[in-house]
Amino acid sequence: GLDFTIETPSGAYRRGVGRDGTSWSTIVPANYGYVRRAKPGADGEALDFYIGSAPDAQTVWVIDQLDPDTGVFDEHKGFIAFESLPAVIATYRSAFSDGRADERLGAVHRVSIDGLKAWVRGDDTVSPLGTLVGKRRPYVNGRANGRANGHFNGDARA
């Protein structure tokens, strides 16, 4: 019941320019695209999704991605057709060429297919999905930081 557009197929390069003007490129670890005809996400664009190779998987995963410099919620990254959370985390980590994937990794949410449909058609696709508690960032901009940033991702090791 949802349509996805694949912008970058698995194994292809994805390129861009960061806020600081630095060019980046990375090899996409899974098909990457967005949900068509859904409300825009937190970044004002379509909701981003990685599409795995397990079409019968009944669980969708959504990461509340953080800005790696500030620790503030940035946007969602969705994962559909993945067999497990470790597969999602491994894919997410390998999608970044700057080595800062773990700094971006906020809360990870397990969502049903029906829950995904309701969310992308609902009223709020711009706020973080989950209860935001716990995860601490030990350093922000090179300085010690003892405050929680509002996210908990548990033990998300792949």
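**View 1. F49 is a buried residue with a ring partner far along the chain.** F49 has just 1% relative accessibility, so it counts as buried (under 20% relative accessible area, with exposed meaning over 50% and partly exposed in between, using a 1.4 Å probe and protein chains only). This is a predicted model: local features need pLDDT of at least 70, side-chain atom pairs count only at pLDDT 80 or more, and totals for chains, interfaces and linings use all residues. Residues are numbered from 1 along each chain as its sequence is written, and side-chain values use heavy atoms, with hydrogens and water left out. Rings of Phe, Tyr and Trp (its six-membered ring) pair if their centres lie within 6.5 Å; planes under 30 degrees apart are stacked, over 60 edge-to-face, and the rest tilted. By that rule there are six aromatic pairs. One of them joins F4 and F49 edge-to-face, at 5.4 Å centre to centre and 70 degrees between the planes. The two sit 45 residues apart, F4 in strand 1 (residues 4-8) and F49 in strand 5 (residues 48-51); strands are DSSP runs of E with at least two residues, numbered from the N terminus. F4 is partly exposed, at 24%.

**View 2. Y92 and F96 belong to a cluster of rings.** Y92 meets F96 edge-to-face, with 5.1 Å between centres and 65 degrees between planes. Y92 is buried, at a relative accessible area of 1%. Ring pairs tie Y92 and F96 together with Y32, Y50, F79 and F82.

**View 3. K77 is a lysine tucked into strand 7.** Look for K77 in strand 7 (residues 73-80). With a relative accessible area of 6%, K77 is buried. The K77 side chain makes polar contacts (N or O atoms within 3.5 Å; within protein, one must be able to donate a hydrogen and the other to accept it, and residues adjacent in sequence count only if both atoms are side-chain atoms). One reaches the side chain of Y32 at 2.7 Å, and another reaches the side chain of D48 at 2.8 Å. Beyond neighbours within four places in sequence, K77 is in contact (heavy atoms within 4.5 Å) with residues including W61, I63 and Y92.

**View 4. Strand 7 pairs with strand 5 and with strand 6.** Seven of the eight residues of strand 7 are buried, so the rest of the structure largely encloses this strand. Strands pair if DSSP finds at least two bridges between them. Strand 5 runs parallel to strand 7 over four bridges, and F49 has G78 as its bridge partner. Strand 6 (residues 59-66) runs antiparallel to strand 7 over six bridges, with D64 opposite H76. Six residues separate strands 6 and 7 in their hairpin, where G71 in the turn has a positive phi of about 80 degrees.

**View 5. Strand 8 alternates its side chains.** In strand 8 (residues 108-112), H109 and V111 point to one face and are buried, while V108, R110 and S112 point to the other and are not. Strand 8 pairs with strand 6 in the antiparallel sense over five bridges, and T59 stands opposite S112.

**View 6. Strands 2 and 3 make a hairpin.** Strand 2 (residues 13-17) and strand 3 (residues 23-27) run antiparallel, joined by five bridges. V17 stands opposite S23. Five residues lie between the strands, and G21 takes a positive phi near 90 degrees.
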